[in-house]
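Reader: I am new to reading structures. Please take me closely through one part, the open sheet, and then show me what surrounds it.

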Amino acid sequence: MFDDLRDLYQEVILDHGKNPRNFGKPDEFNRHARGDNPMCGDKIAVYLLLDQDGTVRDARFDGRGCAISQASASLMTEILKGKTAAEAEALFGHFHDMCTKDDDQHGDHGHLDEEALEKLQVLSGVREFPMRVKCATLAWHTMHAAMHGEEKTSTE
Amino acid sequence: MSLTAARPAPTNAPFDVEAVRRDFPILTRLVHEKPGRPGKPLVYLDSAASAQKPRQVIDAMREFLETDYANVHRGVHFLSQRATDAYEAVRDKVAKFLNAPSRETIVFTRNATEAFNLVAQSFGRAFFQPGDEVVVSAMEHHANLVPWQILRTQAGIVLKIVPVLDDGSLDMDALAGLLGPRVRLVAVTHASNVLGTVNPAREITRLAHAKGIPVLFDGSQAAVHMPVDVQAIDADFYIMTGHKLYGPTGIGVLYGKKEHLDRMPPYQGGGDMIQTVTFEETTFREAPYRFEAGTPPIMEGIGLGAAIDYVTGIGMGAIQAHENRLLAHATERLSAIDGLRIIGTAPGKAAIVSFTIEGVHPHDIGTFVDRAGVAIRVGRHCAEPLMDRFGVGATARASFAMYNTEAEADALADAVKAVKEFFG
């Protein structure tokens, strides 16, 4: 019944959705923001620990949402560790393009970590589901808000 | 006039769902067709968000535009008179549909939401003092909450919230307890868009009126699922919307007792609602016209009239009986699914089933059942405080209408079962 949903709900996504990594509020963080998708009711919070030179030492999240938003947040926190703020923003730019634009429409986001790109690729299926793009990007929007010292963000 | 050329509305014959379905062109379409893959038949279970339209409504609007359209209440010419007569005839139809005592108690608005804002900004702003209280319930749609919060900011009123019991019914004891000396209005839904709960309207007005408090009902859902008699329930205000009643978007209705409407100031200013205008002073028309500023939703009114003809031709009682059968069947099928929780199990509820599944987020449920052709609503349903009350971020909601069948309830249950298996 659901064969063509396999592109969206790949095993990796189901796994991260069910067993999200880096889940839970950490004891130590110096950037954080809450994200809200009013349409579907997803709410998450992203906690970052940046060191002196702006590198992400730790990234965690909590909250609730659909399999797509939970998996996206989980994958994001894995990817962010060790990245600079600028690298994180560039990855967000790439990810946003991946979710919303055809391949030939993607912007130039500079040199990006190949391993991170490969990891994010599992979410590219969301491109065919415009109603679900906000689920995939909520964590990234929230990360962006945290980096910029905004307490709260919304994908509506 | 030419409107009668539309296919006649069905008469009060035994309810025949297949005949009803033939009147709704959209129900024959397939969804998710792709080259090399046949589409799925549409199973439309989202009528509480907006109902589909029968051909009678579509034809009435098209024929009106093709033969009788002009602005209303203005011209002396032939078409203006035709259009005015047709539009004003709908006011009579609405009055009869709600059993309102007169056509003057029926105000047309652009939607139900505008009707709430009208009451808040006219009745509320004119007559409520700082510290006065408005009682709403925890199961309100945002449309019956946010206008009062805006009024709270403007006029210093206090909002009191009637809690909801675990089965989704209104806590009537708590409601009675909230009816203190500062309460100026009770504003509650007649039927919940999330829980399906039908609130005891007559009991609520009896309690409130004993304290001299008027009552407003949100009938957006109730007026679609059951016969409504505003005099029998003694409503002071009753709000409904066209697009959930198989009519078009862009038109809503506010019923108000004449004693209230006659003393309420205008809500918006503009043409059509005035008597005389000079730069120094303007006098306003009588109710209901005083509340209908500007060119009204004319075509939409014609569509609403056709929708009312359609449902009354079938009979609201017959529609209710059919939907109750669907509700019973859907509840039985869904309840049998392990880990599925139905939110809202009050006795006598309308045909709306909100549910969650352990381990699967409603948004995922929605995407999956959609692939099986089943259209449901997922999310907060414009009732965020109610989601909090039941400790859920969101629910999936199937809402049934006169054109749905037991086989469609089965299709939903089968799809939901398959989703659950997919997520293991």
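Author: Here is the sheet, followed by the chain around it.

This is a predicted model: local features need pLDDT of at least 70, side-chain atom pairs count only at pLDDT 80 or more, and totals for chains, interfaces and linings use all residues. Residues are numbered from 1 along each chain as its sequence is written, while chains are lettered from A and ligands numbered from 1 in the order in which they are written.

Start with the sheet. In chain B, 7 strands form an open sheet. Their order is S4-S10-S9-S8-S7-S5-S6, with mixed pairing. Helices (H or I, at least four residues) and strands (E, at least two) are DSSP runs, numbered from the N terminus. Two strands pair if DSSP finds at least two bridges between them. Strand S4 (106-109) and strand S6 (158-162) of chain B stand at the edges. Each has a single partner strand, so one side of each is left without a neighbour in the sheet. From one strand to the next, the twist averages 20°.

Now take one edge. S4(B) pairs with strand S10 (residues 252-256) of chain B in the antiparallel sense, over 4 bridges. B:Phe108 has B:Val253 in S10(B) as its bridge partner.

Next comes a helix. Helix H7 (residues 201-210) of chain B lies across strand S7 (183-189) and strand S8 (215-218) of chain B. H7 runs at about 160° to S8(B). Axes are lines fitted to C-alpha atoms, for helices over the stretch in contact, and angles run from 0 to 180 degrees between N-to-C directions. Two residues are in contact if their C-beta atoms, placed from the backbone, lie within 7 Å.

Step back to the domains. Chain B is divided into domain 1 (62-312) and domain 2 (315-419). These bounds come from an automatic or database domain assignment. The C-alpha centres of the two domains of chain B lie 28 Å apart. Their contact takes 23 residues from domain 1 of chain B and 25 residues from domain 2 of chain B.

Finally, see the whole chain. Chain B has 14 helices and 17 strands. Its C-alpha atoms fill a box of roughly 70 × 55 × 35 Å, taken along the principal axes. Chain B also meets a neighbour: 15 of its residues are in contact with 16 residues of chain A. Helix H12 (362-371), strand S16 (377-379) and helix H14 (406-423) of chain B each give two or more residues to that side. H12(B) gives the most, with 5 residues.
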